[in-house]
Amino acid sequence: MKSKQDSFLELYEPIHDRFERFCRARVYGDMEYSDLMNDVLLVAFEKIDTLKSKEAFLSFLFGICAVSYTHLTLPTNREV
C-alpha cells in the first residue's frame with residue numbers, strides 16, 4: 001500500500017512545471033513564487049483526502065493557490 005506522501009508525489013510530479021508557471025504568474029513580483037508554492041503544497045497535502053478526482057488535482061492546486069495568495073497579500077493593518 002502506498003503512503004500518503006507517495007500518492008501525493010505521484011499526482012504532483014507530472015504537473016509540477018505547469019503549477020510552477022501558474023504560481024510565478026500569480027505573484028508577478030509581489031512575493032517569492034516558491035513561498036506561495038510551498039504554502040499551497042502544504043495545504044494540498046493536508047487536504048488531499050477531499051480531492052474527488054485525480055484528474056482534478058491541478059485545478060485543486062490552482063484553487064488553493066488563489067485563496068492562499070489572497071490571504072498572504074491582504075494588508076494586515078488597514079488605515080481608515
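**Exercise 1. Find which ring Arg24 lies over, and at what distance from the ring centre.**

Solution. Start with the test: a charge sits over a ring if NZ of Lys or CZ of Arg is within 6 Å of the ring centre and within 35 degrees of the ring normal. Arg24 passes with Tyr33, lying over its face at 4.0 Å from the ring centre. Now try Lys4: this one lies over the face of Phe45, at 4.8 Å from the ring centre.

A quick word on what you're looking at: this is a predicted model, where local features need pLDDT of at least 70, side-chain atom pairs count only at pLDDT 80 or more, and totals for chains, interfaces and linings use all residues. Residues are numbered from 1 along each chain as its sequence is written, and side-chain values use heavy atoms, with hydrogens and water left out.

**Exercise 2. Work out how many aromatic pairs there are, and classify Tyr12 with Phe19.**

Solution. Rings of Phe, Tyr and Trp (its six-membered ring) pair if their centres lie within 6.5 Å; planes under 30 degrees apart are stacked, over 60 edge-to-face, and the rest tilted. That rule gives 6 aromatic pairs. Tyr12 and Phe19 sit 6.1 Å apart, centre to centre, with 80° between the planes, so call them edge-to-face. Next, check burial (buried is under 20% relative accessible area, exposed over 50%, partly exposed in between, with a 1.4 Å probe and protein chains only). Tyr12 is buried at 9%, and Phe19 is buried at 0%. Both belong to a cluster that ring pairs build from Phe8, Tyr12, Phe19, Phe45, Phe57 and Phe60.

**Exercise 3. Say why the pair Phe22 and Phe62 counts as stacked, and which helices hold the two rings.**

Solution. The centres are 4.0 Å apart and the planes at 20°, so Phe22 and Phe62 are stacked. Phe22 belongs to helix 2 (residues 16–27) and Phe62 to helix 4 (residues 57–73), so the pair ties together parts 40 residues apart in sequence. Helices here are DSSP runs (H or I, at least four residues), numbered from the N terminus. As for exposure, Phe22 is partly exposed at 27%, and so is Phe62, at 26%.

**Exercise 4. Place Ser68, decide whether it is buried or exposed, and list its contacts.**

Solution. Ser68 is in helix 4. Its relative accessibility is 13%, so Ser68 is buried. Contact means heavy atoms within 4.5 Å. Setting aside neighbours within four places in sequence, Ser68 contacts Leu36 and Val40. Those two are among the helix 3 residues that meet helix 4.
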